[in-house]
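Subject: Structure for you to look at

Hi,

Here is the structure I promised to pass on. Please open it next to this email and follow along as you read.

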Number of protein chains: 4
Amino acid sequence: MTQSYPRLVRGRPRDEEADGAILDAALALLSEQGYGGLRMEAVAARAGVAKATVYRRWPDKLSLAMAAIGRIPELPPVDTGSLLGDLRALRTALAALFRTTRLAGVLPALAAERMRRTSAAARIDALMQARYRPWVAAIERAIARGELPRTASADARLIADLLAGVLMQRVFFTGGPVDEKTWKKVVSIVVGGLRRG
Amino acid sequence: MTQSYPRLVRGRPRDEEADGAILDAALALLSEQGYGGLRMEAVAARAGVAKATVYRRWPDKLSLAMAAIGRIPELPPVDTGSLLGDLRALRTALAALFRTTRLAGVLPALAAERMRRTSAAARIDALMQARYRPWVAAIERAIARGELPRTASADARLIADLLAGVLMQRVFFTGGPVDEKTWKKVVSIVVGGLRRG
Amino acid sequence: MTQSYPRLVRGRPRDEEADGAILDAALALLSEQGYGGLRMEAVAARAGVAKATVYRRWPDKLSLAMAAIGRIPELPPVDTGSLLGDLRALRTALAALFRTTRLAGVLPALAAERMRRTSAAARIDALMQARYRPWVAAIERAIARGELPRTASADARLIADLLAGVLMQRVFFTGGPVDEKTWKKVVSIVVGGLRRG
Amino acid sequence: MTQSYPRLVRGRPRDEEADGAILDAALALLSEQGYGGLRMEAVAARAGVAKATVYRRWPDKLSLAMAAIGRIPELPPVDTGSLLGDLRALRTALAALFRTTRLAGVLPALAAERMRRTSAAARIDALMQARYRPWVAAIERAIARGELPRTASADARLIADLLAGVLMQRVFFTGGPVDEKTWKKVVSIVVGGLRRG
DNA sequence: GTCTAACCGAGACGGTACGTCCTGTCTTAGT
DNA sequence: ACTAAGACAGGACGTACCGTCTCGGTTAGAC
């Protein structure tokens with residue numbers, strides 16, 4: 001599918017490897033120091049690249065940070081065949097992602113930027129929604145399978161926000177537990193509420 | 001109950017008005033610029049105070065920011081006599097708080113600091129839990145009144161996180177609507193699920 | 001001659017010991033750190049005194065420094081009976097003073113202040129002239145004794161400046177030696193020139 | 001004679017004009033405020049340069065001050081053909097330098113630093129000796145011409161210190177006059193003493 | 001086989017904020 | 001009226017980082 005067009009531009013082509021090195025460096029530093037501690041000079045040094053090479057590719061720190069976050073794998077596609085199985089798998093996958101990638105350290109920083117800079121909000125929203133898509137998909141599959149009432153179909157995103165939201169709330173704000181047992185209660189309440197409604 | 005002890009400290013006492021002026025300045029800047037844009041020099045200038053006077057009271061930016069956030073009023077005590085009334089009132093009060101105070105701009109920044117600095121986590125947790133207390137209280141009152149099953153009493157905090165969490169999720173991460181109509185659905189799902197369980 | 005009047009002023013009398021403690025502290029710090037490194041807070045701390053107590057006695061740093069320098073002993077009265085003996089003794093005494101008291105570290109700092117602040121010049125001049133008086137006195141005695149021609153009497157201060165000046169020049173500016181042998185040459189040139197003239 | 005080598009250093013070259021602007025600013029402030037009143041921020045502002053640009057070139061205030069003093073012209077080469085002519089010219093030139101450049105305000109400050117910081121002494125000595133070289137040269141020429149006895153040749157520097165020293169002594173310490181008439185007496189004493197010796 | 005344009009590393013640039021330090025003044029309670 | 005203690009406004013310190021710019025040099029397609 002990919003095809004090699006003759007380059008229209010002249011001059012020395014960009015070093016394609018640099019992109020990866022820069023993003024890896026940025027992500028590592030973002031994970032270690034948070035957004036506020038992310039230093040462009042440190043990114044360049046760690047990537048073995050000049051600072052201008054970073055700025056040539058991303059115009060500022062936020063853009064770089066967002067691109068770096070894009071390197072964090074999304075939740076793996078989950079489809080166990082049942083709503084309860086999917087939700088269990090999603091929580092486990094999210095916990096694993098938070099444990100192995102420091103995504104958890106980066107998301108609130110991104111949210112903070114989002115609240116602060118209107119110009120950044122749209123871009124960040126797109127990134128966030130992509131990451132929450134597996135949750136919505138699981139709800140929609142459950143409706144299609146008849147596990148949830150058809151009336152819930154308009155509210156798939158709301159239900160996803162309700163489920164994912166309680167995890168975020170605890171991880172980022174109240175620090176409460178997000179273990180398997182707690183999760184079962186949440187699922188029971190929400191799914192029960194939906195079926196009853 | 002309060003009693004006037006002789007001052008044990010010597011030397012010129014701190015200017016008590018300065019505390020308020022500094023916190024007001026910090027809060028204003030926090031609201032306008034966010035945590036990342038909070039400048040100690042700007043705080044001092046706006047408060048009409050020397051920079052050293054700020055640092056004498058709060059050792060760093062995070063401490064100052066947290067103290068400033070302490071000036072934002074908490075959710076007003078809500079007790080309408082019914083769970084649904086309380087929850088409606090809480091959402092309205094929170095929306096008003098976010099609309100009038102830029103608390104919304106500050107919370108994710110605080111969460112970001114919390115994820116980044118272990119030493120900050122405990123202090124921030126305390127502040128956060130105080131702010132979420134009205135939610136827990138409303139749930140506990142509902143259980144006491146018999147509106148929610150007695151079996152839910154162990155999970156009051158989880159339920160509060162579930163309800164508040166979906167609001168936070170939408171405000172900070174997915175940008176979805178948090179209006180009255182949406183809220184009714186959320187309350188219906190969660191309360192329905194609890195009663196059924 | 002001194003007489004004890006009843007104190008006319010009311011209130012607590014000044015702690016007379018504090019003067020000495022402050023000046024000693026100032027002199028010690030002046031010697032260790034130079035005028036530029038003299039810190040009023042350090043003086044107060046070292047003297048075991050509050051800062052205000054220092055400022056009550058001396059209005060600013062320069063005044064304090066000058067008063068502290070006043071504690072350095074002047075050249076001892078020298079009168080060996082001959083010009084050559086006096087000059088030898090004066091050089092030895094000055095060298096000892098520079099070796100034991102760090103006066104040498106303080107004089108150029110004072111000279112620098114003198115060049116900078118017109119208001120300080122007169123006070124500093126008075127202090128300096130007092131310190132150079134033994135040189136003038138030795139010249140005047142030599143004239144009285146007939147060791148130097150009577151025509152030199154108008155120039156006693158110039159001659160003193162010539163003799164002391166070469167020592168200052170070497171100590172402060174060119175770093176050349178100021179030993180006994182060098183001094184003999186200087187004395188021989190100057191005294192020879194005066195007798196010949 | 002000058003030759004153009006390829007630049008060995010990489011990166012953007014330093015702005016050569018900035019050097020001059022910084023030194024001029026430093027010298028102006030040094031003249032107006034003295035060494036103690038020299039402010040790095042004021043230097044940068046006056047030079048129209050960022051503070052870091054100053055620190056990139058000179059690591060501290062003393063280095064900058066010394067470099068700035070290097071901009072003050074040295075005594076012009078003096079060679080009138082006779083010792084008395086040279087000495088008259090040197091005094092006149094030095095007086096002019098002190099009158100037009102505030103070198104006089106800076107030298108004692110430098111001497112004070114020299115006494116305070118061993119590490120600074122060698123550098124300052126070199127600067128000072130360069131400035132006193134014309135005096136030594138005049139003495140050496142006089143010896144070569146036979147105006148002074150050949151036996152004085154070992155003491156050229158001492159004689160220079162004696163002559164320049166009395167001027168320094170009066171300008172910096174005792175405040176006595178350094179006019180033409182006074183100078184004639186000094187020259188007469190010193191030259192007379194040397195010829196007689 | 002040049003020419004030219006965009007790239008590259010390196011590092012200086014103006015600007016801004018940091019957190020610390022010091023001066024000289026002021027404000028307490030206590031002697 | 002003094003004392004110790006220490007807070008105050010103001011302002012400089014030297015460091016660090018941002019995003020831009022300017023070098024000499026490299027690497028490609030266009031001529």
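Let's start with one pair of residues: Arg170(D) forms a salt bridge with Asp161(C), and their closest N and O atoms are 2.7 Å apart. A salt bridge here is a side-chain nitrogen of Lys or Arg within 4 Å of a carboxyl oxygen of Asp or Glu. Between chain C and chain D the count is 4 salt bridges.

Before going on, a word on how to read this: it is a predicted model, where local features need pLDDT of at least 70 and side-chain atom pairs count only at pLDDT 80 or more, while totals for chains, interfaces and linings use all residues. Residues are numbered from 1 along each chain as its sequence is written, chains are lettered from A and ligands numbered from 1 in the order in which they are written, and side-chain values use heavy atoms, with hydrogens and water left out.

**Where chains C and D meet**

Chain C has 43 residues in contact with 44 residues of chain D (contact means heavy atoms within 4.5 Å). The area buried between the two chains is about 4,000 Å², and carbon and sulfur atoms give 65% of that. Buried area is the accessible area, found with a 1.4 Å probe, that two parts lose on being put together, summed over both.

Which element gives the largest share of the side of chain C that touches chain D? That is H8(C), with 14 residues; helices are DSSP runs of H or I with at least four residues, numbered from the N terminus. By class, this side of chain C has 21 nonpolar, 12 polar and 10 charged residues. Ala, Val, Leu, Ile, Met, Phe, Trp, Tyr, Cys and Pro count as nonpolar, Asp, Glu, Lys and Arg as charged, and the others, Gly among them, as polar.

**Around DNA strand F**

Now have a look at the DNA. Strand F is surrounded by 44 residues, and Arg56(C) and Tyr55(D) are among the closest (near means a heavy atom within 4 Å). The side chain of Arg56(C) has an N or O atom 2.4 Å from a phosphate oxygen of strand F, and a polar side-chain atom of Tyr55(D) is 2.3 Å from a phosphate oxygen. For Arg12(D), a polar side-chain atom lies 3.0 Å from a base oxygen of strand F.

Of the strand F atoms within 4 Å of the protein, 66% belong to sugar or phosphate and the rest to bases. The surface near strand F has 13 nonpolar, 7 polar and 24 charged residues, and H3(C) gives the largest share of that surface, 4 residues.

Enjoy exploring!

Technical notes: Helices (H or I, at least four residues) and strands (E, at least two) are DSSP runs, numbered from the N terminus. A polar contact is a pair of N or O atoms within 3.5 Å; within protein, one must be able to donate a hydrogen and the other to accept it, and residues adjacent in sequence count only if both atoms are side-chain atoms.
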